[in-house]
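Trainee: I would like a close look at one part of this protein, and at what lies around it. Please take it slowly and define the terms as they come up.

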Amino acid sequence: MPSLWDSLAALRLRIDDVSVARRELAVSSEFTRVTTTVVLHGNAEAGEGEDVTYTAEDHERFPADEMLAGTWTLGEYSRHLDQLSLWSNEPSMAASRDYRRWAFESAALDLALRQAGASFAAALGRSYRPVRFVASTRATIEPYLELNPELEFKLDVDKDWDRALMERLAATDRVRVLDLKAYYRGTVVDLEPDPELYRAVVERFPDVVIEDPWLEGESRDALRSAEERLSFDAPIHSWDDVGKLAVQPRWLNIKPSRFGTVRRLLECIERCEASGIHMYGGGQFELGPGRRQIQRLAGVFYADGPNDVAPSAYNEGPPRPGLPKSPLPAPEGVGF
């Protein structure tokens, strides 16, 4: 039986030219989200991918003149990208190299599928399912619940959380994932490992998936009773990274842009399925086609998980009537 990657690697695509489009969203007075959409054109079709690099300045000198024109298989195209820098300057963050590579990889996958008249699910011999999603927010959740009492959440734990706040959140019975963000460095969401905070999280949320905890010293001791629900996100860029963890995880947050290539992404998903590791989708505040793509991945591989793939409307403003409700309908149409 062919691997997931083998099912796609022989897809053919013709690329005539490449264009890019910058997208921006003013999230607050301190932060404007910037992404770049890569568009590969060929045979009257267009395939799109999204570079989710977080540093706005790194989108200023985006290369749009790489030597990509021609007819390739998806496997040949990916190997060709191995030879290209895709950067005209050194990125501010090392992870951005994978983010940009994913933009070119996902655009090629989208174009190849559109030129073949096939959906992502069909090319893998699978089908799409309705996608359960959670809302990821750092704001208070009560206004969302007033509008939609059934909405589920993925929340970032904060160093200022006290037991009273945790008890109030737990009492809603709508929190599904708590993110400890122990592997982020130099960002506004960094959270220093705190064994006492970890113990409180474990105790107050006995059924919640706990994402990206620190696994050394007293922090590891604080998590002993919760090891079956530990999940990982930021450290995972390939299946090899799973084996480097200090525990054998039972959960993974799958963010395709972290993997860089379609092959690494699918190999990890396939190994998770074989190993009985639960998966759920994660987003990177996509502004364009990347959001649709993480929803399609979820629809094929982990539709029932607590997927952090809510429609972009959740990122575009405060709680308000008319926000889409979970689950999302099963994706339709060709492409990725």
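Trainee: In which helix is the place of Pro 256?

Mentor: Pro 256 belongs to helix H10, residues 256–259. Helices here are DSSP runs of H or I with at least four residues, strands are runs of E with at least two, and both are numbered from the N terminus. The model is a predicted one, in which local features need pLDDT of at least 70 and side-chain atom pairs count only at pLDDT 80 or more, while totals for chains, interfaces and linings use all residues. Residues are numbered from 1 along each chain as its sequence is written, and side-chain values use heavy atoms, with hydrogens and water left out.

Pro 256 counts as buried because its relative accessibility is 4%. Buried means under 20% relative accessible area, exposed means over 50%, and partly exposed is in between, with a 1.4 Å probe and protein chains only. Leaving aside neighbours within four places in sequence, Pro 256 is in contact (heavy atoms within 4.5 Å) with Trp 102, Leu 265, Gly 282, Ile 294 and Leu 297. Glu 196, by contrast, is 60 residues from Pro 256 in sequence and 33 Å from it in space, C-alpha to C-alpha.

Take the contacts in turn. Ile 294 and Leu 297 are among the buried residues of helix H12. H12 runs over residues 289–301 and spans 19 Å from its first C-alpha to its last, close to the 18 Å expected for its 13 residues. That expected span is 1.5 Å times one less than the number of residues. Twelve of the 13 residues are buried, and H12 is thus mostly covered. The buried residues include Pro 289, Gly 290 and Arg 291 as well as Phe 301. In the segment after H12 there is Pro 327, and the peptide bond leading to Pro 327 from Ser 326 is cis, with omega near 0°.

The contacts Trp 102 and Leu 265 lead to another pair of helices. H3 and helix H11 (residues 262–275) cross at roughly 90°, and their axes come within 9 Å. The axes are lines fitted to C-alpha atoms, for helices over the stretch in contact, and the angles run from 0 to 180 degrees between N-to-C directions. H3 is therefore roughly perpendicular to H11. In these terms, angles under 35 degrees are roughly parallel, over 145 roughly antiparallel, 65 to 115 roughly perpendicular, and the rest oblique. From H3 the contact takes Asp 98, Trp 102, Glu 105 and Leu 109, and from H11 it takes Val 262, Arg 264 and Leu 265. By class, this contact of H3 with H11 has four nonpolar, no polar and three charged residues. Ala, Val, Leu, Ile, Met, Phe, Trp, Tyr, Cys and Pro count as nonpolar, Asp, Glu, Lys and Arg as charged, and the others, Gly among them, as polar.

Asp 98 deserves a word of its own. This residue of H3 counts as buried because its relative accessibility is 18%. Not counting residues up to four places away in sequence, Asp 98 touches His 237, Ser 257, Arg 258, Phe 259, Gly 260 and Arg 264.

H3 also has a second helix partner. Helix H2 (residues 74–81) packs on H3 (residues 95–116) at about 160°, with the axes 10 Å apart. The two are therefore roughly antiparallel, and H2 passes H3 in a right-handed crossing. A crossing is right-handed if the near helix is turned clockwise from the far one by less than a right angle, and left-handed if anticlockwise. Leu 74, Tyr 77, Ser 78 and Leu 81 of H2 meet Arg 101, Phe 104, Glu 105, Ala 108 and Leu 109 of H3. The residues of this contact are six nonpolar, one polar and two charged.

One further neighbour can be traced from strand S3 (residues 32–42), which holds Gly 42. Gly 42 is buried because its relative accessible area is 3%. Arg 14, Asp 16, Leu 111 and Gln 115 touch Gly 42, not counting residues up to four places away in sequence. Asn 43 sits in the loop between S3 and strand S4 (45–51). Asn 43 is not a glycine, yet has a positive phi of about 50°. With a relative accessible area of 49%, Asn 43 is partly exposed.
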